[in-house]
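Subject: A structure for you to look at

Hello,

I am passing on a structure that I would like you to look through at your own pace. Please open it first, and then read my notes underneath with the model beside you.

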Amino acid sequence: MERTEQISWSELKKRIESETETFEREVFSVNIEPTVKKVIQKAGHKIGRNKGGSREIVKEAIVEYFRIHPELIQLKQVYQR
């Protein structure tokens with residue numbers, strides 16, 4: 001059974017922080033313009049791998065987007081009986 005729930009920004013932020021602390025990651029592939037990719041890669045090198053590099057830039061950008069648009073946050077949860 002699937003259920004879509006509206007989740008608050010504060011709850012989502014807690015989940016993201018928890019996953020960051022335990023290094024939980026999933027692959028999410030997105031096509032972007034080559035110029036944007038190059039900018040992200042260069043900035044990621046400046047930040048450094050130990051501080052998250054390009055991944056941290058993309059994560060911060062996405063988190064900020066959903067902070068500004070919390071009405072878009074809906075998570076599907078699958079409940080097993």
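I begin with helix H1, whose 13 residues should span 18 Å at 1.5 Å a residue, and since its end C-alpha atoms are in fact 18 Å apart, the two values agree. Please keep in mind, as you read on, that this is a predicted model. After H1 comes Phe23, a residue with a positive phi near 60°.

Two residues of this helix deserve a careful look. Ile16 has its place in helix H1, and because its relative accessibility is 21%, whereas buried would mean under 20%, Ile16 counts as partly exposed. Between Ile16 and Lys59 there are 9.8 Å in space from C-alpha to C-alpha, although the two are 43 residues apart in sequence. Thr20 also lies in helix H1, and with a relative accessible area of 27% Thr20 is partly exposed as well. If residues up to four places away in sequence are not counted, Thr20 touches Arg25 and Lys59. As a general point that may help you when you look at any helix, an α-helix has 3.6 residues a turn, so residues three or four places apart point the same way.

Helix H2, which covers residues 34–47, can be checked in the manner of H1: its 14 residues reach 20 Å from the first C-alpha to the last, which is close to the 20 Å expected at 1.5 Å a residue. H2 is followed by Gly48, and the phi of Gly48 is positive, near 100°.

Turning to the protein as a whole, you will find three helices and two strands, and from the N terminus on these elements run in the order β-α-α-α-β. Of the 81 residues in the protein, 14% are buried. Among the contacts with a separation of 6 or more, 67% are accounted for by residues that stand 24 or more positions apart. The accessible surface comes to about 7,500 Å², and 54% of that surface belongs to carbon and sulfur atoms.

Finally, there is the largest pocket, which has a volume of about 1,400 Å³. It is lined by 26 residues, and those closest to its centre are Glu26, Phe28, Val58, Lys59 and Ile62. The elements that give two or more residues to this lining are helix H1 (9–21), H2, helix H3 (53–68) and strand S2 (74–78), and the largest share, seven residues, comes from H3. By type, the residues of the lining divide into 14 nonpolar, four polar and eight charged.

You may like to look for Lys59 once more, since this residue is touched by Thr20 and is also among the residues closest to the centre of the largest pocket.

With best wishes

Terms used
Residues are numbered from 1 along each chain as its sequence is written. This is a predicted model: local features need pLDDT of at least 70, side-chain atom pairs count only at pLDDT 80 or more; totals for chains, interfaces and linings use all residues. Side-chain values use heavy atoms; hydrogens and water are left out. Helices (H or I, at least four residues) and strands (E, at least two) are DSSP runs, numbered from the N terminus. The expected span of a helix is 1.5 Å times one less than its number of residues. Buried means under 20% relative accessible area, exposed over 50%, partly exposed in between (1.4 Å probe, protein chains only). Contact means heavy atoms within 4.5 Å. Accessible areas come from the Shrake-Rupley method with a 1.4 Å probe; for residues, only the protein chains shown count as cover. On a 1 Å grid over the protein atoms alone, a cavity is a set of points where a 1.4 Å probe fits but cannot get out, and a pocket is an open set with protein on both sides within 12 Å along at least five of seven lines; lining residues have an atom within 4 Å of a point. Grid points are joined across faces, edges and corners, and a volume is the space filled by probe spheres set on the points. Ala, Val, Leu, Ile, Met, Phe, Trp, Tyr, Cys and Pro count as nonpolar, Asp, Glu, Lys and Arg as charged, and the others, Gly among them, as polar.
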